[in-house]
2 protein chains.
Amino acid sequence: MASMATLFVNTPYHSHSFPKPSSAHFAPVLKLSTHLGSKPRNRQRLRISNGLIEPDGGKLAELFVEESKKGETKKKAAALPRIKLSRIDLQWVHVISEGWSSPLRGFMRESEFLQTLHFNSLRLDDGSVVNMSVPIVLAIDDAQKRRIGQSTRVALVDSDDNLIAILKDIEIFKHHKEERIARTWGTTAPGLPYVDQAITNAGNWLIGGDLEVLEPIKYNDGLDRFRLSPAQLRDEFTKRNADAVFAFQLRNPVHNGHALLMTDTRRRLLEMGYKNPILLLHPLGGYTKADDVPLSWRMKQHEKVLEDGVLDPETTVVSIFPSPMHYAGPTEVQWHAKARINAGANFYIVGRDPAGMDHPTEKTDLYDADHGKKVLSMAPGLERLNILPFKVAAYDKTQGKMAFFDPSRPQDFLFISGTKMRTLARNKENPPEGFMCPNGWKVLVDYYDSLVPADNDKVPEAVPA
Amino acid sequence: MASMATLFVNTPYHSHSFPKPSSAHFAPVLKLSTHLGSKPRNRQRLRISNGLIEPDGGKLAELFVEESKKGETKKKAAALPRIKLSRIDLQWVHVISEGWSSPLRGFMRESEFLQTLHFNSLRLDDGSVVNMSVPIVLAIDDAQKRRIGQSTRVALVDSDDNLIAILKDIEIFKHHKEERIARTWGTTAPGLPYVDQAITNAGNWLIGGDLEVLEPIKYNDGLDRFRLSPAQLRDEFTKRNADAVFAFQLRNPVHNGHALLMTDTRRRLLEMGYKNPILLLHPLGGYTKADDVPLSWRMKQHEKVLEDGVLDPETTVVSIFPSPMHYAGPTEVQWHAKARINAGANFYIVGRDPAGMDHPTEKTDLYDADHGKKVLSMAPGLERLNILPFKVAAYDKTQGKMAFFDPSRPQDFLFISGTKMRTLARNKENPPEGFMCPNGWKVLVDYYDSLVPADNDKVPEAVPA
């Protein structure tokens with residue numbers, strides 16, 4: 001088991017000098033309580049404790065079959081109706097089985113599905129509430145439903161028919177796709193990437209139940225060693241004597257704005273009295289849309305950022321978050337935060353327009369850029385998590401570096417858009433100095449170089465912030 | 001102040017015999033705990049208490065200006081920017097000002113709007129949660145926003161420019177219509193009645209703030225005496241020594257299935273140990289779609305139902321619920337239930353497909369007919385309310401009366417659809433005997449008779465259940 005950070009401990013570039021917090025020119029707005037309107041919420045005061053934050057529901061739901069029972073499970077499974085999992089389905093089995101979605105113990109039944117759609121939260125047997133904003137469901141079609149018949153359990157297999165898991169005590173209910181989409185995304189406009197990929201052509205039924213998973217999910221893509229489970233991450237944080245863990249979700253290359261924000265957050269946590277805050281740099285590893293930079297290239301880029309000393313490997317754990325991406329803005333950011341509680345994070349950094357994208361049919365953002373952090377700060381079941389919003393950063397031409405956007409002198413700032421990044425990287429040009437470490441930038445140039453566009457206008461676009 | 005029931009106490013038809021509970025052939029499924037899937041919720045056990053249920057937030061938000069300050073308020077208002085209220089806006093001022101939406105103290109600010117859309121609930125300062133599923137908002141356009149400028153308060157006026165209220169400590173935020181519609185209705189299909197009426201052509205901004213309302217809202221339509229406020233209803237229930245109040249929301253004529261359900265519910269509450277359960281028969285009086293039977297005709301029909309002795313006036317309070325109708329199914333039924341808590345009801349009867357309608361563009365119901373009661377039973381902030389779901393009733397041809405649908409003998413049952421009702425009433429024919437009391441039916445016949453259809457196919461349709 002090795003996080004990228006621990007891996008890097010064994011490599012020579014750790015002797016590189018690490019920028020001092022005082023050099024940070026990208027400062028987070030560290031607000032622990034966000035007052036909205038005239039009804040400020042009562043946010044729990046910051047608590048400094050020795051142990052890691054508890055998982056939702058009190059205990060990680062790890063759903064693997066015991067070694068001694070695997071033979072029996074395989075035998076039983078042979079007689080069961082089979083459901084073939086898509087790649088995204090398999091990513092969800094990964095997510096559920098390791099406990100990222102604790103206390104869920106399998107794909108949602110209707111009760112959980114409805115609570116997710118309407119309340120973005122689940123009420124547990126003891127009356128407590130946990131956050132759950134994104135439906136984690138498995139779709140089947142009419143023919144599969146008929147084949148399942150009266151069976152109370154089914155076998156889940158991968159594309160090569162290998163047994164992955166058993167789903168038991170199943171419940172089959174209608175897949176109201178339009179309602180699911182409308183309530184999850186706040187739009188039903190055609191062109192939502194996850195919808196096109198995983199919902200539109202999916203079956204008209206959903207099947208919920210409890211999972212028994214045969215083996216931890218692996219992808220054999222050279223990156224499995226970075227896919228630490230919540231339990232493994234908790235072990236790592238404990239090993240490092242972390243007394244605070246701050247998570248940074250990303251699905252894009254790290255630029256200096258991000259990096260210095262993370263460094264500065266650590267400095268502030270130290271000032272608050274924490275002795276050893278650890279950064280969980282946590283790129284999303286599941287399904288992403290075609291124009292996002294692929295995971296393998298992002299991991300190379302993150303590696304360079306650590307090599308170049310932009311982040312401190314001693315206080316940084318780089319690991320992959322196995323969830324697929326919904327691009328569902330304020331709804332999805334709650335999922336991103338909640339899953340990190342389960343991995344031991346008690347601080348969550350949230351930026352402008354998290355999990356957002358362009359509206360698929362209109363020339364505007366799909367979400368109000370401020371809604372993500374507002375919704376996150378008010379979300380049921382996330383009261384224990386400290387939300388760290390940060391301001392928009394842009395390239396300050398007067399300083400030649402990334403800085404907070406200052407609305408009093410807009411003419412001094414350059415917003416380096418995805419289109420701009422793409423054009424620069426495709427043309428092997430450099431961005432303004434100070435935007436990204438040179439070796440990280442080179443990875444991006446190499447990535448675009450590796451693409452053989454059929455048409456220059458169709459080169460995928462990397463969105464940098 | 002007079003509820004219809006108390007009004008009827010002074011009329012002779014109270015000597016009519018009242019059907020005994022034993023004659024009830026329409027029995028509700030009285031479930032106090034609804035277990036869904038494998039994660040049953042912990043529903044609070046039924047408590048029998050002497051006082052009425054507390055309003056949400058502990059106290060009714062009644063927002064009227066004190067008599068002694070009215071002059072001053074009018075003077076101040078004269079200098080303020082003005083917003084002209086639509087009929088629906090005025091109905092919402094009515095709703096808010098009497099405390100139906102307690103603890104709201106005015107049109108929603110962005111924090112409340114976002115919590116409503118995403119969580120169907122609001123977190124209060126003390127950390128407690130109240131239900132709030134439907135946005136109660138006031139839209140303004142660009143020109144109005146410009147006119148308001150830096151003012152912190154505005155005057156709200158009716159269509160004749162009479163001052164209705166002051167909205168103070170205002171907050172103006174974007175009206176993301178598509179997102180509002182998608183998250184409230186679970187669809188963005190064209191043809192949603194409330195959307196067409198109140199959202200599509202509304203302004204691109206929402207203005208929230210605290211209301212100071214000059215006078216209780218009146219409509220001068222001969223029905224104001226039936227529009228009891230939550231405080232007035234509470235007084236009425238207290239006067240009658242109610243130890244349980246069960247609310248029945250409706251926007252359609254009462255047929256014998258409804259009536260006997262209500263009678264039977266009372267019998268069951270008595271069996272549970274309540275000494276004096278009172279029925280709140282609570283027709284919705286705000287905006288309804290064109291093909292619903294208008295309020296005035298419905299009130300006449302309800303009057304006949306009481307006259308005919310189908311319901312007992314001594315234990316029934318008929319009053320008008322001033323809210324506009326959204327037709328937003330599982331989202332709206334929560335609002336209908338929550339508002340009745342504020343009026344003192346601790347039991348809420350929920351039927352099949354509450355607040356539902358046909359899908360505006362597809363040949364199907366807009367909502368799963370079972371979702372309303374499921375969502376209601378799981379809704380945050382409604383834990384104190386006892387939900388009473390009831391089964392589908394239909395006309396049992398073998399018994400010649402309304403009865404529970406028995407799936408083992410579907411051929412024996414007649415579902416009397418809206419279309420069927422309309423055709424019968426329009427043709428002055430009678431429904432099967434036992435479907436509705438004759439005088440109530442006559443009101444419907446008279447209503448359709450009063451319409452002069454431009455085209456026979458366009459006669460509005462009354463939906464009976």
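1. Start with the spacing of the two domains in chain A. In this predicted model, the centres of domain 1 of chain A and domain 2 of chain A, taken over C-alpha atoms, are separated by 32 Å. If you want to find them on screen, domain 1 covers 67-213, while domain 2 is made of two stretches, 224-321 and 391-451.

2. Now look at where these two domains touch. Domain 1 of chain A puts nine residues into the contact, and domain 2 of chain A puts in 10 residues. Together they bury about 760 Å², and carbon and sulfur atoms account for 78% of that area.

3. Which three residues supply 60% of the area that domain 1 of chain A buries against domain 2 of chain A? They are Glu98(A), Trp100(A) and Pro193(A), and no other three residues give more. Try colouring them before you read on.

4. What about charges and polar atoms between the domains? The rule finds zero salt bridges across the interface of domain 1 and domain 2 of chain A, but two residue pairs in polar contact, both residues at pLDDT 80 or more. On the domain 1 side, helix H3 (87-98) and helix H7 (193-198) of chain A each supply at least two residues. H3(A) gives the most, with four residues. Sorted by class, that side has four nonpolar, four polar and one charged residues.

5. Next, zoom out to the two chains. Here 46 residues of chain A are in contact with 46 residues of chain B. The area buried between chain A and chain B is about 4100 Å², with 48% of it coming from carbon and sulfur atoms.

6. How many salt bridges does the rule find across the interface of chain A and chain B? There are four. For a concrete pair to click on, take Lys374(B) and Glu110(A): their side chains meet in a salt bridge, 2.6 Å from N to O. The chains also have 17 residue pairs in polar contact between them, again with both residues at pLDDT 80 or more.

7. Which elements build the chain A side of that contact? Those giving two or more residues are helix H4 (110-119), helix H6 (177-185), helix H11 (329-342) and helix H12 (371-378) of chain A. H4(A) gives the most, with seven residues. By class, the side of chain A that touches chain B has 14 nonpolar, 17 polar and 15 charged residues.

8. Don't skip the sheet in chain A. This open sheet has five strands in the order S1-S5-S6-S7-S4, with mixed pairing. Strand S1 (82-84) and strand S4 (139-140) of chain A stand at the edges with a single partner strand each, so one side of each has no neighbour in the sheet. S1(A) runs parallel to strand S5 (residues 153-157) of chain A, and three bridges join them. Along that pairing, Arg82(A) stands opposite Ala155(A) in S5(A).

9. Finally, do the strand-tracing exercise in chain B. Its open sheet of five strands has the order S1-S5-S6-S7-S4, with mixed pairing. Strand S5 (residues 153-157) and strand S6 (residues 163-174) of chain B run antiparallel and are joined by five bridges. Which residue is the bridge partner of Arg153(B) in S6(B)? That partner is Lys168(B).

Methods: Residues are numbered from 1 along each chain as its sequence is written. Chains are lettered from A and ligands numbered from 1 in the order in which they are written. This is a predicted model: local features need pLDDT of at least 70, side-chain atom pairs count only at pLDDT 80 or more; totals for chains, interfaces and linings use all residues. Side-chain values use heavy atoms; hydrogens and water are left out. Contact means heavy atoms within 4.5 Å. Buried area is the accessible area (1.4 Å probe) that two parts lose on being put together, summed over both. A polar contact is a pair of N or O atoms within 3.5 Å; within protein, one must be able to donate a hydrogen and the other to accept it, and residues adjacent in sequence count only if both atoms are side-chain atoms. Ala, Val, Leu, Ile, Met, Phe, Trp, Tyr, Cys and Pro count as nonpolar, Asp, Glu, Lys and Arg as charged, and the others, Gly among them, as polar. Domain bounds come from an automatic or database domain assignment. Two strands pair if DSSP finds at least two bridges between them.
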